[in-house]
Structure formats: structure tokens, C-alpha cells
Amino acid sequence: MPRVVDWAAEATLVLDALDVGSVALLGVSGGGAFAAACASELPDRVRSLLLIAPVGPPAWPTRGMAAGQRASLQIARHAPALGGWSLGRLATLARRAPGLFLRLATSEMPAGDRRALARSDARAAFLTNYLRAFHRGSWGVGQDLRVLTRPWGFDLKSIRVPTSIHQGDADTTVPLQHARRFAAAIPGARLHIHPGQGHFSILTAPEQTLATLAA
């Protein structure tokens, strides 16, 4: 069974194929785990790490997370095929009735996220990315969620690269306590809390957060 830590080997193959020596890594939401794994396992290839609303390991508490989000993670842990299939049904809905899909997808989100996704550009990006995840079916989505809900295979304390973490305090997709735990676990990590921002609204003004990567 693959683990999050195994992603570092895949990243090495990509960097070698592109003839890239070192990189600054960005991980958003569930992608934070994979970016953190690369920072842990590839200290000579990763210059810095930027995490935005990163979801934590499966043992971390989920208080503050929307009920639907908690349910998705539980299903992914115990029945990953079912989890991927159910999310795939939502992808079908997104193709056929995007307005209804958006109402369902945002029903548990804070007001800031709903406002952000009401913008035409953000709404289009959200729909496009969701559908792209299911371009080859639902198996891959279910597998990714299963990997996230099993032991990751590395210790966040082993990360030694400069790390910056950004989190909205109104986020109900990934709770604020996860960002705090990342910051406490990664030596020297800097935590930036954005008042009133949610999981998606924090992405609508990226200049402040992405400045870390350009440093």
C-alpha cells in the first residue's frame, strides 16, 4: 500500500527528468501532505516549503471541520473505493448541472468561501479542477484520499527547510488547529493566520502568500 512519503521518490524522478536541481514547494489543502513529504525526504532538492490550509495526519482531531468533510475522510479510510465512487457521482452532477453541484458543494462552507466561489473566475476554476480530477475515473481520487487517511510514513519534525504556513481562521474544510499543529511540529515554521478567510477565499488574493516562494 503506497504512503504519502513515497511521493518523494516520484518527485525525484520528475525533477531529474526536467533537470531541475532544487525547488520551492507549494502544497494546498490535501497537497500539503505530499509537499511536506518531499521537504522531509529531499532536503537537498527543496529550498523552501509553503503550505496553505494543509490537512493534517489522520490521528489529528477534526473539530471545526464540516460534517461532510469529516464523513468523506472516514469513508476514504474504511472504504476508499466507495469514497471515490461517491465523489465521482458529484463530478457527474458537476458536468450536467453545475449550478446545483455548486450549491451542494458550498452548503457547509463559510460565507467568505461562498462569496469567493460566486466570482465567475473562481467558480470556473473550481469546476474545471474538480472535473479534471475525475478525467480518468474515480479510482485515483479514492486512492489519494486513502493515502491521506493512513499513516504518512514520515515525521513533520524532520523537515528542516524554511517553512511558511497560511491558514484562514474561518476555514471549515481544514480546521485552524491543523495549521497550528503543523507550525508546532516543523522546526522554525512561521504561521500566518488570515482573519475571516476560508479554504477558498484565502486563494483569491495570492500575492501575500506566494511571496514566500519568490524569496
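**Close-up views of the sheet and an aromatic cluster**

**View 1. Pairing of strands E1 and E2.** In this predicted model, strand E2 (residues 46-52) runs parallel to E1, and the two are joined over 6 bridges. One of the residues taking part is Val-23, whose bridge partner in E2 is Val-46. Helix H2 (residues 31-41) packs on the sheet, where it touches both E1 and E2, and its direction makes about 150 degrees with that of E1.

**View 2. The open sheet and its edges.** The sheet is open and holds 4 strands in the order E1-E2-E3-E4, with parallel pairing. Strand E1 (23-28) and E4 each have a single partner strand and stand at the edges, so one side of each is left without a neighbour in the sheet. With direction ignored, neighbouring strands of this sheet are turned against each other by 15 degrees on average.

**View 3. The ring pair of Phe-126 and Phe-200.** The count of aromatic pairs comes to 8. In the pair shown here, the ring centres of Phe-126 and Phe-200 are 5.3 Å apart and the planes stand at 90 degrees, so the pair is edge-to-face. The pair links distant parts of the chain, 74 residues apart, with Phe-126 in helix H7 (residues 120-133) and Phe-200 in the loop between strand E4 (190-194) and helix H10 (207-214). Phe-126 is buried, at a relative accessible area of 14%.

**View 4. Tyr-130, Phe-134 and the ring cluster.** Tyr-130 and Phe-134 form a tilted aromatic pair, with 5.2 Å from centre to centre and 40 degrees between the planes. Tyr-130 counts as buried at 18% relative accessibility, and Phe-134 counts as buried at 9%. Ring pairs link both residues with Phe-101, Phe-126 and Phe-200 into a cluster.

Definitions and conventions. Residues are numbered from 1 along each chain as its sequence is written. This is a predicted model: local features need pLDDT of at least 70, side-chain atom pairs count only at pLDDT 80 or more; totals for chains, interfaces and linings use all residues. Side-chain values use heavy atoms; hydrogens and water are left out. Rings of Phe, Tyr and Trp (its six-membered ring) pair if their centres lie within 6.5 Å; planes under 30 degrees apart count as stacked, over 60 as edge-to-face and the rest as tilted. Buried means under 20% relative accessible area, exposed over 50%, partly exposed in between (1.4 Å probe, protein chains only). Two strands pair if DSSP finds at least two bridges between them. Axes are lines fitted to C-alpha atoms, for helices over the stretch in contact, and angles run from 0 to 180 degrees between N-to-C directions. Contact means heavy atoms within 4.5 Å.
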